[in-house]
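Me: Got a minute to go through a structure with me? I'd like to start with the ligand site.

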Amino acid sequence: MSKKLAIHGGEPIRTEPYPTWPMAGAREEELLLEVIRSRQWGGYNQFVGKFEKLFAEMHDCRHAVTCVNGDTAIEIALHAAGIGRGDEVIVPAHSFIATSSAVSRVGAIPVFVDIDRDTYNISPDRILEAAGERTKAVIVVHFGGIMAEMDRIQQVAAQKDLVVVEDAAHAHGAEWHGKRAGSIGLVGTFSFQNTKVMTAGEGGIITTNEHDIAARARSYGNCGRRQGAGWFDHFILASNYRMTGFQAAVLTAQLEKLPEQVRLRRHNAGLLMKSVRTPGIRFQTAPAGANVQSFYIVTCAIEEKEFGVGRDEFIEAMKAEGIPCAPFYEKPLYKNPMYDNLAHRVEPCPVAEEACGHSFWLPLATLMGGEEDVLDIMRAIEKIHAAYKPIERSAGLAVN
Ligand SMILES: *Cc1c(COP(=O)(O)O)cnc(C)c1O
């Protein structure tokens with residue numbers, strides 16, 4: 001007795017939209033007004049330095065350096081870590097393009113390695129296999145806000161003498177054994193782009209415990225200047241990547257909300273994972289050390305044979321039921337046209353390629369409401385499964 005799916009003209013599970021993202025209120029407005037009235041709107045507004053301190057503290061780091069976006073943050077981090085021409089940098093085969101394009105922009109060579117099937121994060125074993133003579137660094141992405149296996153990765157990095165860069169664009173507030181994302185590798189990077197868990201529309205930040213790394217990062221993003229030297233003394237080829245006071249003001253307000261929002265998403269994601277028992281649906285799993293996830297997105301795999309319908313039809317059916325839902329990255333990074341003429345080796349990454357075909361994600365807004373909003377996701381998944389479930393299964397049930 002399956003109910004008619006909304007995609008086939010039936011009643012949808014819900015018509016009410018999920019909360020919109022980003023979320024802002026009186027606090028953002030109040031702080032923005034302060035910046036407008038200050039007459040110092042650029043990177044030397046007091047909010048910028050204050051926000052850097054607050055963010056560093058919240059992420060268990062001694063230093064934080066703001067910049068224009070998360071993509072540039074990776075470039076700055078690599079530069080600060082001394083990565084450059086001819087060096088190889090290991091990156092996960094699937095991520096946003098910034099993870100690998102930043103490598104190329106400092107003159108280094110991205111080496112794509114496969115992910116783990118269950119955690120969707122870079123596989124420590126594959127890092128070990130891929131690290132060669134010229135490999136100087138590995139960029140780890142904490143996908144969806146679930147930390148990568150940092151103990152093993154740190155071990156492999158030490159063995160192969162690699163710098164660890166954490167691309168924590170999804171992972172503000174996430175933890176590994178009680179330590180925040182961005183504080184474990186030599187350097188961490190975050191994005192404040194419009195969809196991220198804290199945002200000023202655009203923006204980025206670099207975190208580190210090393211004074212020298214922070215100083216190099218600051219110089220690279222501030223026209224090659226050095227602390228203590230003159231305004232018109234430029235020591236390295238660099239650029240102006242400074243964050244504005246407006247961004248820092250909005251981010252100060254966003255940071256105040258982050259802990260409560262992470263708590264809410266953890267609660268709601270926990271409820272979702274507990275209540276979805278449908279065969280053929282598998283959530284991204286967190287390794288044992290990942291004790292806090294930020295839940296930037298909820299990533300799932302769908303097994304067509306068990307569930308009854310494939311990923312693309314499933315997503316359309318979910319959207320018709322009123323649940324926002326999107327496909328995973330379409331292809332691994334190395335299949336982008338920009339890499340068509342790469343001079344160096346690209347080993348295929350079968351796990352990442354498979355994930356691209358059968359995974360999807362729920363955006364963070366779906367976790368920003370109440371429990372009933374979360375249970376609607378479960379109800380939609382069950383309804384779709386009931387409508388499509390494999391023949392053998394329904395035949396079996398009919399006999400009982
Ligand atoms: C968003 C994102 C970035 C880059 O952020 P921008 O601020 O948009 O430049 C980098 N890495 C990952 C994994 C991201 O999702």
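Reply: Sure. Bear in mind that this is a predicted model. The ligand sits in the second largest pocket.

Me: Which elements give two or more residues to the shell around the ligand?

Reply: They are α3 (70-80) and α4 (98-105).

Me: And which residues come nearest to the ligand?

Reply: There are 15 residues around the ligand. Gly70, Asp167, His170, Ser191 and Lys196 come nearest.

Me: How many in that shell are nonpolar, polar or charged?

Reply: Four are nonpolar, eight are polar and three are charged.

Me: OK, polar contacts. What does glycine 70 offer the ligand?

Reply: A polar backbone atom of glycine 70 is 2.8 Å from an oxygen atom of the ligand.

Me: Backbone or side chain for histidine 170?

Reply: Side chain. An N or O atom there is 2.7 Å from an oxygen atom of the ligand.

Me: And where does serine 191 come in?

Reply: Serine 191 uses a polar side-chain atom, which lies 2.7 Å from a ligand oxygen atom.

Me: How much of the ligand's accessible area does the protein cover?

Reply: It covers 91%. On its own, the ligand has 380 Å² of accessible area.

Me: Switching to strands. What is the order in the open sheet of four strands?

Reply: The order is β10-β11-β13-β12, and the pairing is antiparallel.

Me: Which ones are the edge strands?

Reply: β10 (281-283) and β12 (326-327). Each of them pairs on one side only.

Me: How many bridges are there between β12 and β13?

Reply: Two, in the antiparallel sense, with β13 covering residues 359-363. In β13, phenylalanine 360 is the bridge partner of proline 327.

Me: Now the backbone. Is the peptide bond from tryptophan 21 to proline 22 cis or trans?

Reply: Cis. Its omega is near 0 degrees. Proline 22 lies in the segment before α1 (26-38).

Me: Last one. What is phi at arginine 39?

Reply: Phi there is near 65 degrees. That is a positive value in a residue other than glycine.

Me: Where is arginine 39 placed?

Reply: Arginine 39 is in the loop between α1 and α2 (46-58).

Key. Residues numbered from 1 in each chain as written. Predicted model: local features only at pLDDT ≥ 70, side-chain atom pairs only at ≥ 80, totals over all residues. Heavy atoms only, no water. Near = heavy atom within 4 Å. Polar contact = N/O pair within 3.5 Å; in protein donor to acceptor, adjacent residues only side chain to side chain. Areas by Shrake-Rupley, 256 points an atom, 1.4 Å probe, with all protein chains shown as cover. 1 Å grid on protein atoms, 1.4 Å probe; cavity = no way out; pocket = protein on both sides within 12 Å on 5 of 7 lines; lining within 4 Å. Sits in = over half its atoms within 2 Å of the grid points. Nonpolar A, V, L, I, M, F, W, Y, C, P; charged D, E, K, R; others polar. Pairing = 2+ DSSP bridges.
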